[in-house]
Amino acid sequence: MSIWWSLHLRREAASVPLARRLLLGTMETAGVDPDISYDLSVALSEACANAVEHGGDTEPGASSEAYRVTAYLDGEKCRIEVADSGPGFARAHAVRPAPSEAENGRGLCLIQELADHVHIGNKPGVGGAVVSFDKILKWRKDAPLMAV
């Protein structure tokens with residue numbers, strides 16, 4: 001079984017729950033275990049929130065009003081990629097925990113805790129950040145689209 005979809009979303013807060021609901025609906029329909037679905041939906045929400053907050057051009061008047069979310073459920077694995085057109089990461093990005101009193105800065109750490117494999121980097125050539133992560137899927141016993 002293989003399912004994939006891609007969304008081109010405006011960099012607005014309202015786009016985050018839209019992406020999350022689509023992922024959860026896809027996974028529920030496919031028969032993915034709800035705990036796995038929840039973990040991936042939280043990780044996706046964090047990646048989308050980062051794209052909304054940080055994914056814009058830094059130059060006044062520049063246009064980067066959108067970001068892209070792509071999800072692949074392929075066999076026993078789900079891979080999700082969130083790409084924006086912002087400035088990207090200044091250098092190889094090492095995720096460090098935020099101080100306990102910080103009100104933000106925990107998103108990438110949370111993604112790393114919830115996913116099996118995470119890649120954080122820049123889009124080649126054109127600029128922008130890419131956060132991709134995957135997780136091995138578990139299936140409900142009655143899963144209609146379970147991988148064979």
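Against which elements do the buried residues of α2 pack? They pack against α1 (15-30), β2 (66-74), β3, α3 and β5 (129-136). This account starts from the overall model and then returns to α2 and its surroundings.

The model is a predicted one. Its pLDDT averages 86 over the protein, and 82% of the residues score at least 70. Among the helices and strands, confidence is lowest in helix α3 (residues 107-114), with a mean of 92, and highest in strand β3 (residues 77-83), with 97.

The protein contains three helices and five strands. Read from the N terminus, the order of these elements is β-α-α-β-β-α-β-β. The protein has 148 residues, of which 42% count as buried. When contacts between residues at least 6 apart in sequence are considered, 66% of them join residues at least 24 apart.

Helix α2 covers residues 34-54, which is 21 residues. From its first C-alpha to its last it reaches 30 Å, close to the 30 Å expected at 1.5 Å a residue. At the N-terminal end of α2, Asp33 acts as a cap, with a side-chain oxygen 3.0 Å from the backbone nitrogen of Asp35. The buried residues of the helix include Ile36, Ser37, Leu40, Ser41, Val42, Ala43 and Leu44. Further along α2, Ser45, Ala47, Cys48, Ala51 and Val52 are also buried.

One of the elements packed against these residues is β5, and a salt bridge also joins this strand to α2. The side chains of Lys135 and Asp39 meet at 3.8 Å, N to O. Because Lys135 lies in strand β5 and Asp39 in helix α2, the pair ties together parts that are 96 residues apart in sequence. Lys135 has a relative accessibility of 10% and so counts as buried, whereas Asp39, at 22%, is partly exposed.

What does the side chain of Lys135 reach at 2.8 Å? The partner is the backbone oxygen of Leu114. Leaving out residues up to four places away in sequence, Lys135 touches Ile36, Asp39 and Leu40, among others. Ile36 and Leu40 are among the buried residues of α2. Lys135 also touches Glu76, Lys77, Cys78, Leu114 and Asp116.

Asp134, the other β5 residue to consider here, forms a salt bridge with Arg79, and the closest N and O atoms are 2.7 Å apart. Since Asp134 lies in strand β5 and Arg79 in strand β3, this pair ties together parts that are 55 residues apart in sequence. The relative accessible area of Asp134 is 7%, so this residue is buried. Arg79 counts as partly exposed, at 31% relative accessibility.

The salt bridges of the protein come to five in total. Another of them joins Glu12 and Arg10, whose closest N and O atoms are 2.8 Å apart. Glu12 counts as partly exposed at 37% relative accessibility, and Arg10 as exposed at 51%.

Arg10 also appears among the contacts of Ala66, a residue of strand β2. Which residues are in contact with Ala66, leaving aside its neighbours within four places in sequence? They are His8, Leu9, Arg10, Arg11 and Ser85. For His8 and Ala66, the separation in sequence is 58 residues, while their C-alpha atoms are 6.5 Å apart in space.

The loop between β3 and α3 holds Asp84. Asp84 is a buried residue, yet it has no salt bridge. How far away is the nearest side chain of opposite charge, Lys123? The distance is 6.2 Å, and a salt bridge requires a side-chain nitrogen within 4 Å of a carboxyl oxygen. The side chain of Asp84 does have a polar atom 3.0 Å from the backbone nitrogen of Ala129. Not counting residues up to four places away in sequence, Asp84 touches Ala51, Gly55, Tyr67, Lys123, Gly127, Gly128 and Ala129. Of these, Ala51 is one of the buried residues of α2.

Key
Residues are numbered from 1 along each chain as its sequence is written. This is a predicted model: local features need pLDDT of at least 70, side-chain atom pairs count only at pLDDT 80 or more; totals for chains, interfaces and linings use all residues. Side-chain values use heavy atoms; hydrogens and water are left out. pLDDT is the predictor's confidence in each residue, from 0 to 100. Helices (H or I, at least four residues) and strands (E, at least two) are DSSP runs, numbered from the N terminus. The expected span of a helix is 1.5 Å times one less than its number of residues. Buried means under 20% relative accessible area, exposed over 50%, partly exposed in between (1.4 Å probe, protein chains only). Contact means heavy atoms within 4.5 Å. A polar contact is a pair of N or O atoms within 3.5 Å; within protein, one must be able to donate a hydrogen and the other to accept it, and residues adjacent in sequence count only if both atoms are side-chain atoms. Lys and Arg count as positive and Asp and Glu as negative; His and the chain ends are not counted.
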